[in-house]
Amino acid sequence: MEPDPVDRLLLDELVDLPDGRIAVVDDDTGALAGALRDLAGERVVAHSTSLLAERRVAATGVATVPDLAGALTGAALVVLRLPASLDALDEVARTAALLGTPDVRIVAGARVKHMTPSMNDVLGASFEQVRASLGRQKSRVLHAADPRPVEQVWPRLRHHDDLDLTVHAHGAAFAGTRIDAGTRLLLGQLDRLADTDGTVVDLGCGTGVLAAVLARRFVDVVAIDVSAAAVASARLTTAGRVDVRRGDGLSELADASVGTIVSNPPFHVGTAKDSTPTLRMIADARRVLVPGGELVLVYNSHLPYLPRLREVGPTEILARDRSYLVTRTVRA
């Protein structure tokens, strides 16, 4: 994979590479990490929130670190593809300021259309100096240097009295410590799940809200997410009562091994709308569900999932509101 305009601008802005560790964060393709490895050798490590991105980076020969803190410990330079989430950016900045070298600096880039002035403010909370590069090919880079003595506020937590549940969230976890509207609609339907002695899977578990509630009724609950931040959050939220795994959809589950799948699947990959992972999951559900097993989803009502669900088996709408549908599909 060749570097894109953001990667090329980042590389051009790195005029003085330090002698110490260089951490690359959220390189989606591996092109940036691979190019830096050619310049700095084994001093380069990488952390990717997405498991799929992590695998692409690892294919370049760059050492990958599954947790953000581990990647940034001792880092003299953090090279970052700016995340869409300000919370995710704040966690990277605070972690770098706390665990990096005393002179650690951040060089972060993105397409201009995905950048906001608030990103400067977030970096400025952890670093004394923040400046922007000149734009090029609709891309721009932010430089942050001189770390402040900051407090680590991640992961955050919030107790929801109505669920008697404390939700923990790292910065890059979807919805943070709140419970989004789709998840709330799905929570109201969990008592309609059929009894099963088999495995119950919360796919795309996020912070683990659904998995934690499911574990109150079912013995064998597995929570899966492609995001390292989500998995770390869900492990805290479920407090050891759930088998939380980082994985790519249902791909690592055996045929006819699951009694029920529950999911509030994403329809974005990064900043782009993309239903492909969910459509792939729906197709794979037929393989992993036992005959008569249930697939219960919540999703935006405009998304084209119903025809695909009916290929798996009979499908009914359990609930709907102005934005979302909850459907149940029984494996034929």
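**A tour of two cores, a pocket and a strand**

Start with the largest nonpolar core of this predicted model, a set of 32 residues. Select Leu186, Leu187, Leu190, Leu214, Val221, Val262 and Val326, the residues with the most contacts inside this core. Next, colour the elements that give two or more residues to the core: strand 9 (165-169), helix 7 (181-187), helix 8 (209-214), strand 11 (221-225), helix 9, strand 16 (289-300), strand 17 (315-320) and strand 18 (324-330). Helix 8 supplies the largest share, 6 residues.

Now centre the view on Leu187. Leaving aside residues up to four places away in sequence, Leu187 touches Leu163, Ile179, Val209, Leu210 and Val213. From there, move to a second, separate core, which has 28 residues. To find this second core, select Val25, Ala93, Val104 and Leu123, which are among its members.

The next stop is the second largest pocket, with a volume of about 360 Å³. Its lining comprises 26 residues, and His47, Leu68, Glu91, His170 and Ala229 are the closest to the pocket's centre. Show helix 4 (68-72), helix 5 (86-99) and helix 9 (228-238), the elements that each contribute two or more residues to the lining. Colouring the lining by class gives 16 nonpolar, 5 polar and 5 charged residues.

Finish in strand 16, where you can select Pro291. Pro291 counts as exposed because its relative accessibility is 65%, and the cut-off for exposed is over 50%. Add Gly259 to the selection: Gly259 and Pro291 are 32 residues apart in sequence, and their C-alpha atoms are 8.5 Å apart in space.

How values were computed
Residues are numbered from 1 along each chain as its sequence is written. This is a predicted model: local features need pLDDT of at least 70, side-chain atom pairs count only at pLDDT 80 or more; totals for chains, interfaces and linings use all residues. Side-chain values use heavy atoms; hydrogens and water are left out. On a 1 Å grid over the protein atoms alone, a cavity is a set of points where a 1.4 Å probe fits but cannot get out, and a pocket is an open set with protein on both sides within 12 Å along at least five of seven lines; lining residues have an atom within 4 Å of a point. Grid points are joined across faces, edges and corners, and a volume is the space filled by probe spheres set on the points. Helices (H or I, at least four residues) and strands (E, at least two) are DSSP runs, numbered from the N terminus. Ala, Val, Leu, Ile, Met, Phe, Trp, Tyr, Cys and Pro count as nonpolar, Asp, Glu, Lys and Arg as charged, and the others, Gly among them, as polar. A nonpolar core is a set of buried Ala, Val, Leu, Ile, Met, Phe, Trp, Tyr and Cys residues joined through side-chain atoms within 4.5 Å. Buried means under 20% relative accessible area, exposed over 50%, partly exposed in between (1.4 Å probe, protein chains only). Contact means heavy atoms within 4.5 Å.
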